[in-house]
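Welcome, and take a moment to look over the model before reading on. We will walk through it a few residues at a time.

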Amino acid sequence: VTGLVRDIAARVVHRQYLALAHGRLEHARETIEAPIGRDPRVRVRMAVVASGRPARTDVEELAFAHGIAAVRCTLHTGRTHQIRVHMAHRGHPLVADEIYGGRPALGMTRQALHAQRLAFRHPVTGQALDFEAPPPDDLRAAWREVTGETLQPPLAPADEIGRAGNHTVQIVRTIPEKVYQAEPGGDFRILDHGAGHQGRRR
């Protein structure tokens, strides 16, 4: 764990999020570098403040419709509420994020933010690990309204039992890429070195 914490501090852990935000970004790709600390006026919130800790978020606008931008955010630091604060600071609060000025839209009644991907090296073995998780149904539906795209579907029915590391896996099919994907309800895909299996935690 200490090694993983050190990697996060060294900014070698890749963390990527999907979000829906109000308004269109000025540029298709933007980097937001603004220090974040406790909001001096509302203590339950964070804010961009001069005395805050350094924070950097890369934002890419993927689509825009209905006054809503679908964005991919990559964190280079890990401040509390970082994406929510940075987007609100730029005038683009997340949909339904009422704490930071976002309004409900497209059926979303909670903040439209989803941790999509986490990639890092195992702190003991050094093995490259890559985790991806599809969004829950409400965000998936709202995302489709903005982008016209359907995000990753649920797992297909399993047809075989297998092992992957310390996990028992129901094998579904071989997928030609390396990735470990967490799924809703504890389901996941584990793939390794170009050939792996889509599975379900037992």
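Let us begin with a pair of charged side chains: Asp138 and Arg110 form a salt bridge, and their closest N and O atoms are 2.9 Å apart. This pair links distant parts of the chain, since Asp138 sits in helix H3 (residues 137–147) while Arg110 belongs to the loop between helix H2 (82–89) and strand E7 (113–121), 28 residues apart. Please keep in mind that what you are looking at is a predicted model. How open to the outside are these two partners? Asp138 counts as partly exposed, at 29% relative accessibility, and Arg110 is partly exposed too, with a relative accessible area of 30%.

There is a simple idea behind such pairs. Side chains of opposite charge can pair when their charged atoms come close. How many salt bridges does a search of the whole structure find? The count is 11.

Another of these joins Arg45 to Asp39, with the closest N and O atoms 2.8 Å apart. Here the two partners fall into separate classes of burial. Asp39 has a relative accessibility of 1% and therefore counts as buried, because the cut-off for that class is under 20%. Arg45, at 21%, counts as partly exposed.

Now turn to strand E2, which covers residues 29–33. Arg29 lies in this strand. Which residue does the side chain of Arg29 meet in a salt bridge? The partner is Glu60, at 3.1 Å from N to O. Arg29 is in strand E2 and Glu60 in strand E5 (residues 56–65), so the salt bridge ties together parts that are 31 residues apart in sequence. The side chains of Arg29 and Glu60 are also joined by a polar contact of 3.1 Å.

The story of this pair has a further member, as Arg29, Glu60 and Arg72 are linked in a network of salt bridges. Is Arg29 buried or exposed? With a relative accessible area of 62%, Arg29 is exposed, because that class begins over 50%. Leaving aside its neighbours within four places in sequence, Arg29 is in contact with Val59 and Glu60. You can also compare the position of Arg29 with that of Cys73: the two are 44 residues apart along the chain, and their C-alpha atoms are separated by 9.9 Å.

Stay in strand E2 and look at Glu30, which lies there as well. Glu30 is buried, with a relative accessible area of 12%. What does the side chain of Glu30 reach at 3.1 Å? It is the backbone nitrogen of Glu26. Once neighbours within four places in sequence are set aside, Glu30 is in contact with Leu25, Thr57, Asp58, Val59 and Arg90.

Our last stop is helix H2, mentioned at the start as one end of the loop that holds Arg110. Of the 8 residues of H2, 6 are buried, so this helix is largely enclosed by the rest of the structure. Which residues of H2 are buried? They are Gln82, Ile83, Arg84, Val85, His86 and Met87. Just after H2, the backbone has a feature to look for: Gly91 takes a positive phi of about 90°.

Conventions:
Residues numbered from 1 in each chain as written. Predicted model: local features only at pLDDT ≥ 70, side-chain atom pairs only at ≥ 80, totals over all residues. Heavy atoms only, no water. Helix = DSSP H or I, 4+ residues; strand = E, 2+ residues; numbered from the N terminus. Buried < 20%, exposed > 50% of the residue type's maximum accessible area, 1.4 Å probe, protein only. Polar contact = N/O pair within 3.5 Å; in protein donor to acceptor, adjacent residues only side chain to side chain. Contact = heavy atoms within 4.5 Å. Salt bridge = Lys/Arg side-chain N within 4 Å of Asp/Glu carboxyl O.
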